[in-house]
Amino acid sequence: MKRRRGPGPEPEPEAEPEPDRGPERGCLRTWAAHSRALVERWTTARCGGEARRQLRDEFRELLLSIRGLPAAVPALPLELTVLYNSLLFTVGASDSAVKGEAKGIRQGLLRVLEACGACGEDLGMEELWEKVLQEVTVEELQAPLHRLGALQAAWWLAASRLGSVAGLLQLLSTAEDLGRAHCSEGQNKLLAMIKAWQVPPEEVSLPLVQSAKDLKEILCTAAAFLQGLQELEAGNFPAALSLLQEAAGGFCSKNILAQIYTCLGCCAQRMGKPQTALQHLKRALQVDFQCLPALSHVAAVYHKLGETDAELQALTLLYEALGKNPPAAASSSPYFLMRTEVLVHTPLLTSLLRHHHPSEVKYLLAQRCLQDGRVADAVEHYLDFLSLLQEGLQQQVPLDGSSALPRIPEVFLEAASALEQAGRHQDAITVCEEVISRTTDLIPRVLRVEERLEQTESSLPEPELVGGFLSQKKESMCCLAWRTAGYLQQGWAWAKLGESKEAVTQFSRCLNDLLRVQLHGSGVKQTENLQPEVEVLQKIRLLSLIGRGTQFLELGRNKEALLDFQHSLQISPGDPAAASYLVQVLWKMNRKEEAAAQWLKFSQSSPGEDGQQPGQGRPLPLYLVSCLEQAVFPHSESLARSIQDFLGAAAQDTPS
């Protein structure tokens, strides 16, 4: 039987369990579980390559599923966490530099504003962040927003937007954080702000593929590295050194640490501290011997110090290392998706860390040996290098001006010079013939060089520099210099073989080719304002006249020799070799009073150092150095004694 109710109000019905609110809450639980499963797959496998890309795609699909529902505050912590993980995999899967704007971050911030009943579609990213962090005060969203802010800082850091990073950190930091940042006297402001920023703790229910704490450490290292490079490029070397040292003590891989030490070495070298530079560069190689740019910088430092043996040893090691283990692109870290190397990518860093092709190193070995007088070694290296041309060398080295290689005809001429100095005269003639034959059709019949040689490149006639190549006129002058240098070297080679007539023929061909250049106004007088190409052509003309004059002397054609030496002095007044040969030929022609007068004139003047005429500020191309040495007058002391005896006898015969 039912009990009868007593008098009084009707009791309220018992509360029923709250419904599950449809599919939303169930979906969130499912999506959260899916997110945890994806993170677990990453943390257990630390996979790379295709597996990373698959995880990236799955995170993207999960994010799209979550965004299929209207933005709501309860769902935002999960959504922002999935977005954070998705963006990290976007970076880690591509294993390339962070570029552009992180569109996903903008969409995430707009979803936050939408859930809070606000709008920010028309705002830029900096204004959007300011609006979100100032207006959204929901406690549950603070940690996800801080983590997303760390990612935004990474994107802006990669774009060198340091002011934007500092502004965002100021918004993310508490007053206490900012107080700590300001307390660091003398410390870099941005680094102080990053270090003072308090990283939100991780949530067990919403795991991350890379913790915000690790990301903060990477931001510190990248900020120090990036600013160090900026100071290095600006020439502020003490500041650069301090920032790079800060980066070296940061959170990074061995690969990046070796790069930082390499940059420290380059900074010390530019500060004029070669020994310190060597210490940093050797430290880079100790950390990672595959950081071969450090080895090339070691060779450069030894070159500056004049320590040729050490330089050649470093270049040899570099060549061998490049041959055994060609440098590959840096592989992605098995532990971190966001890394220092994807945030720091400047033109200066690319330049400092450029890997040389083995052929470039082989050329440097040949060049250094030739410059140091190690002729046999130079010949061996040059011949090895020329054999590499058969392998399509021009497709293997950069064409942007960063290569150590000169133009190929110059290399041939240097090789011919080495062969000539090694006594292989016929081989030198053959190599020069290759240059002559390949440049014949590239030179116009007449080359006009205008009077105002001091004009800038921008005022030269069209065509201007196109695609990194010289203007047509400049290119033609280069080709003419190579061709005439080939004849010049052949002339000296035939002279060494005792074939004076053939030598005269080659010197004459050189001089005839040089008649194509029409110099107007100041073209004959050498000044510092002359274009380098004109200086080289004038030097070739001088050396050819001296060379032909010496061979006329050998053939007994003294009058023709006299004309060549006189012409030489018109081109280069005071040149010691031309002056000495002029005195000699006058002496041989029994014009002793003229010879003595000329000798007194030149001995009392001040010739340029090392036989260089006054006013010439640029060094000669390496392929002309041996020709310059061969043109030196070999009988100075004996001729001087003869003239002094003549003058002494003349003084005694003169009545007092």
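Is Asp 372 buried, partly exposed or exposed, and at what relative accessibility? Asp 372 counts as partly exposed, at 37% relative accessibility. The model in which this residue is examined is a predicted one. The report below treats its salt bridges, aromatic pairs, cysteines, two of its helices and one annotated repeat.

## Salt bridges

A search of the whole structure finds 23 salt bridges. Three of them are set out here.

| Pair | Closest N to O |
|---|---|
| Lys 195 and Glu 246 | 2.6 Å |
| Arg 374 and Asp 372 | 2.7 Å |
| Arg 483 and Asp 513 | 2.4 Å |

The salt bridge of Lys 195 with Glu 246 has its closest N and O atoms 2.6 Å apart. This pair links distant parts of the chain, with Lys 195 in helix α9 (residues 189-196) and Glu 246 in helix α11 (residues 237-248), 51 residues apart. Lys 195 is partly exposed, its relative accessible area being 35%. Glu 246 is likewise partly exposed, with a relative accessible area of 34%.

Asp 372, the residue of the opening question, meets the side chain of Arg 374 in a salt bridge. Arg 374 has a relative accessibility of 27% and therefore counts as partly exposed, the class that lies between 20% and 50%. Asp 372 falls in the partly exposed class at 37%.

In the third pair, Arg 483 forms a salt bridge with Asp 513, and the closest N and O atoms are 2.4 Å apart. Arg 483 belongs to helix α21 (residues 472-496) and Asp 513 to helix α22 (residues 500-514), so the salt bridge ties together parts that are 30 residues apart in sequence. Both Arg 483 and Asp 513 are buried. Elsewhere, Arg 67, Glu 79 and Arg 111 are joined into one network by salt bridges that share partners.

## Aromatic pairs

A pair of aromatic rings is described by the distance of the centres and the angle of the planes. The structure holds eight aromatic pairs. In one of them, the rings of Trp 42 and Phe 89 have centres 5.4 Å apart and planes at 80°, so the pair is edge-to-face. The two residues lie in distant parts of the chain: Trp 42 is in helix α1 (residues 23-45) and Phe 89 in helix α3, 47 residues apart. Trp 42 and Phe 89 are both buried.

Another edge-to-face pair is formed by Tyr 363 and Tyr 382, with 6.3 Å centre to centre and 70° between the planes. Tyr 363 is in helix α17 (residues 358-371) and Tyr 382 in helix α18 (residues 375-388), so this pair ties together parts that are 19 residues apart in sequence. Tyr 363 counts as buried at 1% relative accessibility, and Tyr 382 is buried with a relative accessible area of 1%. Ring pairs also link Trp 42, Phe 59 and Phe 89 into a cluster.

## Helices α3 and α26

Helix α3 (residues 76-94), which contains Phe 89, has 19 residues. From its first C-alpha to its last, α3 reaches 27 Å, close to the 27 Å expected at 1.5 Å a residue. Of the 19 residues of α3, 17 are buried, so the helix is largely enclosed by the rest of the structure.

Helix α26 (residues 592-604) has 13 residues and should span 18 Å at 1.5 Å a residue; its end C-alpha atoms are 18 Å apart, which agrees. The buried residues of α26 are Ala 595, Ala 596 and Phe 602. Seen down the axis of α26, these buried residues fall within an arc of 135°, so they line one face of the helix. The face turned away from the buried side of α26 carries the exposed residues Glu 593, Lys 601 and Gln 604.

## Cysteines

A disulfide is a covalent bond between the sulfur atoms of two cysteines. A search of the whole structure finds zero disulfides. For Cys 291, the closest cysteine sulfur is that of Cys 263, at 8.6 Å, too far for a bond given the cut-off of 2.5 Å. Cys 291 counts as buried at 6% relative accessibility. Cys 220 is also buried, with a relative accessible area of 11%.

## Annotated repeat

An unreviewed UniProt entry lists residues 542-575 for "repeat: TPR". Over residues 542-575 the chain is 79% helix and 0% strand. The end C-alpha atoms of this segment are 9 Å apart.

Conventions: Residues are numbered from 1 along each chain as its sequence is written. Side-chain values use heavy atoms; hydrogens and water are left out. Helices (H or I, at least four residues) and strands (E, at least two) are DSSP runs, numbered from the N terminus. The expected span of a helix is 1.5 Å times one less than its number of residues. Buried means under 20% relative accessible area, exposed over 50%, partly exposed in between (1.4 Å probe, protein chains only). The arc is that of the directions from the helix axis to the C-beta atoms. A salt bridge is a side-chain nitrogen of Lys or Arg within 4 Å of a carboxyl oxygen of Asp or Glu. UniProt positions are given in the numbering used here, feature names are shortened, and annotations may be inferred rather than shown by experiment. Rings of Phe, Tyr and Trp (its six-membered ring) pair if their centres lie within 6.5 Å; planes under 30 degrees apart count as stacked, over 60 as edge-to-face and the rest as tilted.
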